Every structure is written in C-alpha cells, then in structure tokens.
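Reader: I am new to this structure and would be grateful for a close look at one part of it. Please take me through that part step by step.

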Amino acid sequence: MSERIVTCRVLSGRGTQCTGEAVDPNAELLICARHLAEAQRLIHEAFRRAGRSA
C-alpha cells in the first residue's frame, strides 16, 4: 500500500501551489520545509523590530 504524500498549501503570487512535501502531514498548517523556514525568518525579524521599538 502506498502512502499518500501531502503537499504544501502555499500559493505563489500567480496562484500556483507549491509542490513541496508538507513537514507534518497531520498538522493544521500544511507547509514544506522551505516555507516553514521563510515564515520562521519573518517572525524572527518581526520580534527583533518589536524589541527595538519597546
């Protein structure tokens, strides 16, 4: 029996869905490692900016 591969749900600006495999296929948020890293980087930068202005 073959296992079903769950893909990333991120869409490009043109509406094309990412074809990367989801990091956690059972998670509520289905994103690949590339988009997870990008989100983590953006969150880190936001926290740094918020910390500087406080």
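Author: What follows is an account of one helix residue and of the cysteines and the polar contact that can be described around this topic.

The model is predicted. The account begins with His35, which lies in helix 1, a helix that covers residues 33-53. His35 has a relative accessible area of 16%, and because this value is under 20%, His35 is classed as buried. Apart from neighbours within four places in sequence, the residues in contact with His35 are Cys8, Val10 and Cys18.

Cys18 leads to the matter of the cysteines. A disulfide is a covalent bond between the sulfur atoms of two cysteines. The structure contains zero disulfides. Cys18 accordingly takes part in no disulfide, and its nearest cysteine sulfur, that of Cys32, is 3.8 Å away. Seen from the other side, Cys32 is likewise in no disulfide, with the sulfur of Cys18 as its nearest cysteine sulfur at 3.8 Å. The pair is not counted because a disulfide requires the two sulfur atoms to be within 2.5 Å, whereas these are 3.8 Å apart. Both residues are buried: Cys18 has a relative accessibility of 16%, and Cys32 has one of 5%.

Helix 1 also holds Glu38. At 35% relative accessibility, Glu38 is partly exposed, because its value falls between the limits of 20% and 50%. The side chain of Glu38 forms a polar contact with the side chain of Arg41, at 2.6 Å. Helix 1 thus includes the buried His35 and the partly exposed Glu38.

Methods
Residues numbered from 1 in each chain as written. Predicted model: local features only at pLDDT ≥ 70, side-chain atom pairs only at ≥ 80, totals over all residues. Heavy atoms only, no water. Helix = DSSP H or I, 4+ residues; strand = E, 2+ residues; numbered from the N terminus. Buried < 20%, exposed > 50% of the residue type's maximum accessible area, 1.4 Å probe, protein only. Contact = heavy atoms within 4.5 Å. Polar contact = N/O pair within 3.5 Å; in protein donor to acceptor, adjacent residues only side chain to side chain.
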